[in-house]
Amino acid sequence: MTRSRRLAVSFGSVAVLAAVAIAAVSPAPAADLVPAMTCKELSGVSWGGFILDEVSEVEAGANDPAHCRVLGTIDEEIHFELLLPTAADWNGRLLMGGGGGYVGSVQNQALGFAGPVSVLSRGFATAGTDTGHEGSGIDASWALNRPDREVNFGHRAVHVTAEAAKTIIRLYYGRDIEYSYFVGCSRGGGQGMMSSQRYPDDFDGIVSGAPAYHWTGLGAFFLQTQQALFPDPAELSTPVIDAAAAAILETAILEACDGNDGVRDGFMTNPLECDIEISSIPGLSAEQRRAAEVIYGGAQVGDRRVYPGFPFGGESDAAGWKLWITQGEEPVGPGIPNLHYAFGTQMHKYIIFDDPEFDYSTFDFSDYFAWEEQTRRAAKILNATDTDLGGFRTAGGKLILWTGWSDPAIPAAGTLSYYEGVAAGDDESDDYARLFMLPGVLHCGGGPGPDFVDWISAIQGWVEEDEAPERLVATKVSEGEVAMQRPVCAWPARAVYDGAGDPKREDSFECVHR
C-alpha cells in the first residue's frame, strides 16, 4: 500500500499496561506538500464535499497533549470529529475508530481501546463518525424508508470520513499521512471488515473486534432467541430462562469442562471443546431446555443454519446473557427486555421490512426464504461477509480479527467461521489476516477472562515492521491492578498451561498447535 499517498477526494460515492508502544509518537519525516496551517487558520477552510462546523484548540489535560479539535459534516448528515496533535507531536499516522450498535452519535472507539497511553499521547491523529444519523445506539427508526441513510450506515460514512480526515490532515500538517489504521469492536468491528472488503485502500491496518459483520443472519438469530425466551409479546418481564435456570446451566457446564485446559478459573480456553448435552443437565424444564438449545444452536430454518449459536459461557454474568439475551435486574428500556430484542426487532421493523408494526412473535420462519428479496437488499448494504480479501491483500493491508469466547452479543463461532472461510480460499491468508480468541471475555471486554490487548501496537508492528502477531498478551485489570495475564495465540494455536507455573502469569502458558 502506498505509504505517502496523494489524496484524491471523491465524495460522490498500571505498570505492565504502561508498556504499550510509544515508538509511534516519533514524528514522521517531513514531506511538505502545502504550507501547514494553524488550528485557527484551519477554521476558515472551505472544501467541496464537507464543511467544518467547529475548529478549536484544546489545552493539554491529564491524559492527552494539546491538540486541535475539528467537527465537520459531510453531505449534510454525516458528522465527524477529528483530533489533531500538534505538528511536533504527530507521528504521521491516522487512527480511525468505529462506533457501536446503530451508532447515532459521533463515536471513536479508538479512544477507548488505547489503554493507559492515549491515542493522542501516542501521536495519532484520530477520527470518528455518527454514520449519518442521530439517535440512540439501539434505535433504527432513522432508517425507515431511507435507503440513503442505510447506505451511509452500512459502509459509506466510514469511507468518506476517512477521506475527509486525510484531506484535513494534509492541510493542517502540510504533508500526507504515512500510515492509516482503523480499530473497532461490535458494529465498529464490522465497519473495519467492510472497509477491508469494499474500500481496501482506505486503511493499511485494521483491527476488527467481535465484529457485527452479518446483520441479516444475526437479526434472524435474535428473533429466534426472543421467540424462545418471550413467546408472549405481552409478557416481557420474565424470560423462559430466568436467573435460576441460567445459573444451573453455567454451573453444570463449568463443572464439566472448566478443567479441560488444566486450570479451574471460571472460564474455558476453548468452549467448543466442552462435551456436554443440555438434555443431561437436571433442574431445567422442557421449555427451558428448548430455549437453551436455540441459544447454543444458532438460527435454524428447516435444515439450514442461518447463523451459528453461542459457545458456552457468560450465562450468569450481568453483562453476559442477562444484558443481551435474557434479562437482568432491570430491562434495557421500556418494553425492551434485552439487547437481542432491541436489535432484532429494530432491524426488521426499520431496515428489512420498513414496517414499524412488525411483530417478532408472529414471524413464521417457515416463510423466511419467501422474504429473500427484502433480506438480500439489506444484506447488500449491511453485510461484510465476502471472504475474498484479494483487493486488501494486493493493497498491502493487514487485518486482525478478535473476539471473546463468551461474547453474548455476537457468537464467537460466527467470527471463527468467517476467518476460516478466508483461510479456505487462500493458503497464504496468514500473510494478511490473523484471528485471536480471548477466553472468558464477553462482548468487547468484561467477563472473568483477560480482556485488554494492545491491539494498536500489534497492528502497527505488523504493518510497519512486518512483525506478524503470533502471541499477544491479554491482561485482566481489577481495581487498578493487574489481576492476571495470559497469552492469546493466533488461531488455530491455543494457549496451553505448563501444569506447574502460576496460572495467572502469561509465561506459564505456551502457544501450541493442535
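# A chat about helices and loops in a predicted model

User: Hi! I'm new to this one. Where does Leu120 lie?

Analyst: Welcome! Leu120 lies in the loop between helix 2 (110–113) and strand 5 (125–129). Keep in mind as we go that this is a predicted model.

User: Thanks. Is Leu120 buried or exposed?

Analyst: Leu120 is buried, because its relative accessible area is 2%, and the cut-off for buried is under 20%.

User: Which residues is Leu120 in contact with, leaving aside its neighbours within four places in sequence?

Analyst: Those contacts are Asp64, Pro65, His67, Leu83, Pro85 and Thr126.

User: And how far is Leu120 from Pro211?

Analyst: Their C-alpha atoms are separated by 25 Å, and along the chain the two are 91 residues apart.

User: Okay, over to Gly190. Where is Gly190 found?

Analyst: Gly190 is part of helix 4, which covers residues 187–198. Gly190 counts as buried, because its relative accessibility is 2%.

User: What does Gly190 touch, not counting residues up to four places away in sequence?

Analyst: Gly190 touches Pro211, Ala212, Tyr213 and Ala384. As for Ala210, the C-alpha atoms of Gly190 and Ala210 are 8.0 Å apart in space, with their positions 20 residues apart in sequence.

User: While we're on helix 4, at what angle does helix 4 pack with helix 10?

Analyst: The angle is about 85°, and the axes of helix 4 and helix 10 (residues 372–382) are 10 Å apart. The two helices are therefore roughly perpendicular to each other.

User: Which residues make that contact?

Analyst: Helix 4 brings Arg187, Met194 and Arg198, and helix 10 brings Lys380, Ile381 and Leu382. Sorted by class, the contact has three nonpolar and three charged residues, with no polar ones.

User: Got it. What about helix 5 and helix 7, how many Å apart are their axes?

Analyst: The axes of helix 5 (residues 215–229) and helix 7 (residues 286–297) are 9 Å apart, and the packing angle is about 170°. That makes helix 5 roughly antiparallel to helix 7.

User: Who's touching whom there? Which residues make the contact?

Analyst: On helix 5, the contact is made by Phe221, Gln224, Thr225, Ala228 and Leu229, and on helix 7 by Ala291, Val294 and Ile295. Among the residues of this contact, six are nonpolar, two are polar and none is charged.

User: Let's look at helix 6. How many residues does helix 6 have?

Analyst: Helix 6 (residues 243–257) has 15 residues. From its first C-alpha to its last, helix 6 reaches 21 Å, close to the 21 Å expected at 1.5 Å a residue.

User: Which residues of helix 6 are buried?

Analyst: In helix 6, the buried residues are Ala245, Ala246, Leu249, Ile253 and Cys257. Looking down the axis of helix 6, these buried residues fall within an arc of 100°, so they line one face of the helix. On the other side of helix 6, Ala243 and Glu255 are exposed.

User: What covers the buried residues of helix 6?

Analyst: The cover includes helix 7, which we met above, and helix 8 (321–324).

User: Cool. How many residues of helix 13 are buried?

Analyst: In helix 13, 10 of the 11 residues are buried, so the helix is largely enclosed by the rest of the structure. The buried residues include Trp455, Trp462 and Glu464.

User: What follows helix 13?

Analyst: Helix 13 is followed by Asp466, which lies in the loop between helix 13 and strand 12 (471–478). Phi of Asp466 is near 60°, a positive value in a residue other than glycine. Asp466 counts as exposed because its relative accessibility is 59%.

User: And Cys444, what is its phi?

Analyst: Phi of Cys444 is near 65°, again a positive value in a residue other than glycine. Cys444 lies in the loop between strand 11 (433–438) and helix 13 (455–465). With 22% relative accessibility, Cys444 counts as partly exposed.

User: Last one: where is Pro492 found?

Analyst: Pro492 is in the loop between strand 13 (481–489) and strand 14 (494–497). The peptide bond from Trp491 to Pro492 is cis, and its omega is near 15°.

Note on methods. Residues numbered from 1 in each chain as written. Predicted model: local features only at pLDDT ≥ 70, side-chain atom pairs only at ≥ 80, totals over all residues. Heavy atoms only, no water. Axes fitted to C-alpha atoms, helices over the stretch in contact; angles between N-to-C directions. Helix = DSSP H or I, 4+ residues; strand = E, 2+ residues; numbered from the N terminus. Parallel < 35°, antiparallel > 145°, perpendicular 65-115°, else oblique. Contact = heavy atoms within 4.5 Å. Nonpolar A, V, L, I, M, F, W, Y, C, P; charged D, E, K, R; others polar. Buried < 20%, exposed > 50% of the residue type's maximum accessible area, 1.4 Å probe, protein only. Expected span 1.5 Å × (residues − 1). Arc of directions from axis to C-beta.
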